[in-house]
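Trainee: I am new to this structure. Can we go through it with questions and short answers?

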Amino acid sequence: MNRYYWVLGAFAALVALLAIGLKLNPRDVPSPLVGKPAPAFNLHVLATPEKMVGPQDMQGKVWLFNVWSSWCVSCRQEHPVLVEFSKKADVPLVGLNYKEVRGDGNFDMSKMPADDEKKLAFQRANQWLAQHGNPYTLTVMDIDGRVGIDYGVYGVPETYVIDKAGIIRMKHTGPITPQDLSKKILPLLAELNK
Amino acid sequence: MKRHALIALFLCASFFGTGTAFASAANEAATAADPVAEKRLQKLSEELRCLVCQNQTIADSNAELAQDLRREVRAMIKEGKSDKEIVDFMVVRYGDFVLYRPPVKGITLLLWGGPVGLMLLGLFVLQRYLRRRTQRINTETQPLSADESSRADALLKEINPK
């Protein structure tokens, strides 16, 4: 009899282990960039294409860096949360428009000259923000996704919290829900801005 | 017997599965000129996980990100970077998770040691069980008493009278 309790106990432990495993999000891969300086870049600004901006221009400020694209479906889900955030919070929200044209999947990139891609990317990004509201202090254009690789982007949307010294303090993968914002991001921003 | 055949079939299928994946990645490689560099690209790509489709390497996957990363690896090979430099480039950005063979360290100890630990535990349990079983058999099998052996004889005679 005793031995059967032992087997039952082992089985229960296995079930518990698997239940925990089921609740984990496999997409939530811890980023090695947390605690490291935000990778440098110098990209064109969406609203003022002649201007270039990089993390060095944000020194001394706590800021959010949000990766988005008009073809990204989850970004649409996240967008109202960001719009709400930008109305209330006094924290710069920088957008990284990631592979606006070539990421879409509906264009034959081998037939599109680089200039055309650039023009189309700016046009599409502007149109999307006009349609859905613009929560961004500014958006920079990562047309070929090279900066995305430096930031370890693997699923849009992704959001980084960067502190005054330019260190990445948090990475959030996937759309930000109102709960994520109030429970995780806002407290961290308040602490970093102290 | 039937089960063995099924297992063999399954193994065959999985080998053919990876075979076609190699072939599709090789198509892309054929467009490039340098066969040595392409071989390195192929080998490195098979060590790196695609984070979009997490159970595929960037050699197998056709996801956008995998294509981008293959392009990066190809560029780095052209620049003359070593394999280690290229792998480090990926780990700095995506973490150990990008490696199909993660390094042995504190957090991956269970991953590496777990199977060996479970096997040792299994062997220990098996050995204990076998020892107890031998002990039990030894204590249970005592020679027959005189009374028992005469009864056994009587029973045998009943079945098999001469």
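Trainee: At which residue does the kink in helix α2 (residues 73-88) of chain A lie?

Mentor: Keep in mind that this is a predicted model. Helix α2(A) bends by about 35°. Look shortly before the proline A:Pro80, and you reach the kink at A:His79.

Trainee: Is A:His79 buried or exposed?

Mentor: Several residues of α2(A) are covered, among them A:Cys75, A:Glu78, A:Leu82 and A:Phe85. The cover includes β3 (63-68), β4 (93-98), α3 (114-132) and α5 (178-192) of chain A. A:His79 belongs to the set too: it is buried.

Trainee: What is the strand order of the open sheet in chain A?

Mentor: The sheet has five strands, and the pairing is mixed. β5 and β7 (168-173) of chain A stand at the edges. On average, neighbouring strands are turned by 20° against each other, direction ignored. Read across, the order is β5-β4-β3-β6-β7.

Trainee: Why is one side of β5 and of β7 in chain A left without a neighbour in the sheet?

Mentor: Both strands stand at the edges. One side of each is left without a neighbour in the sheet because each has a single partner strand.

Trainee: Which strand joins β5(A) through five bridges?

Mentor: Start from a residue pair: A:Val140 in β5(A) is the bridge partner of A:Leu96. The two strands run parallel. With α3(A), they make a right-handed β-α-β unit. The strand joined to β5(A) is β4(A).

Trainee: How many residues of strand β5 (residues 138-142) of chain A are buried?

Mentor: An edge place does not settle this, so count the residues: the strand has five, and it is largely enclosed by the rest of the structure. The number buried is four.

Trainee: Which residues of β6(A) point the other way from A:Glu158, A:Tyr160 and A:Ile162?

Mentor: In a regular strand, side chains alternate between the two faces of the sheet. β6(A) is mostly covered, with five of its five residues buried. A:Glu158, A:Tyr160 and A:Ile162 point one way. Pointing the other way are A:Thr159 and A:Val161.

Trainee: In which sense does β6(A) pair with β3(A)?

Mentor: Five bridges link these two strands. One residue pair is A:Trp63 with A:Ile162 in β6(A). The sense is antiparallel.

Trainee: Which residue in the turn between β6(A) and β7(A) has a positive phi?

Mentor: Strand β6 (residues 158-162) of chain A and β7(A) run antiparallel, joined by five bridges. Their partners include A:Ile162 with A:Ile168 and A:Val161 with A:Met170. The two strands form a hairpin with five residues between them. In that turn, the residue with a phi of about 85° is A:Gly166.

Trainee: What angle does the direction of α5(A) make with that of β7(A)?

Mentor: α5(A) packs on the sheet. There it touches β6 and β7 of chain A. The angle with the direction of β7(A) is about 165°.

Trainee: Now chain B. How many helices does it have?

Mentor: Its pattern along the sequence is α-α-α-α-α-α. It has zero strands. Of its 162 residues, 15% count as buried. The number of helices is six.

Trainee: Which elements of chain B give two or more residues to the side that touches chain A?

Mentor: 13 residues of chain B are in contact with twelve residues of chain A. By class, the chain B side has seven nonpolar, two polar and four charged residues. The elements you want are α3 (64-78) and α4 (83-94) of chain B.

Key: Residues numbered from 1 in each chain as written. Chains lettered and ligands numbered in written order. Predicted model: local features only at pLDDT ≥ 70, side-chain atom pairs only at ≥ 80, totals over all residues. Buried ≥ 20, exposed ≤ 12 C-beta atoms within 10 Å, placed from the backbone. Contact = placed C-beta atoms within 7 Å. Nonpolar A, V, L, I, M, F, W, Y, C, P; charged D, E, K, R; others polar. Bend = angle between axes of the 7 residues up to and from the residue. Pairing = 2+ DSSP bridges. Right-handed = clockwise from strand over helix to strand, strands pointing away. Axes fitted to C-alpha atoms, helices over the stretch in contact; angles between N-to-C directions.
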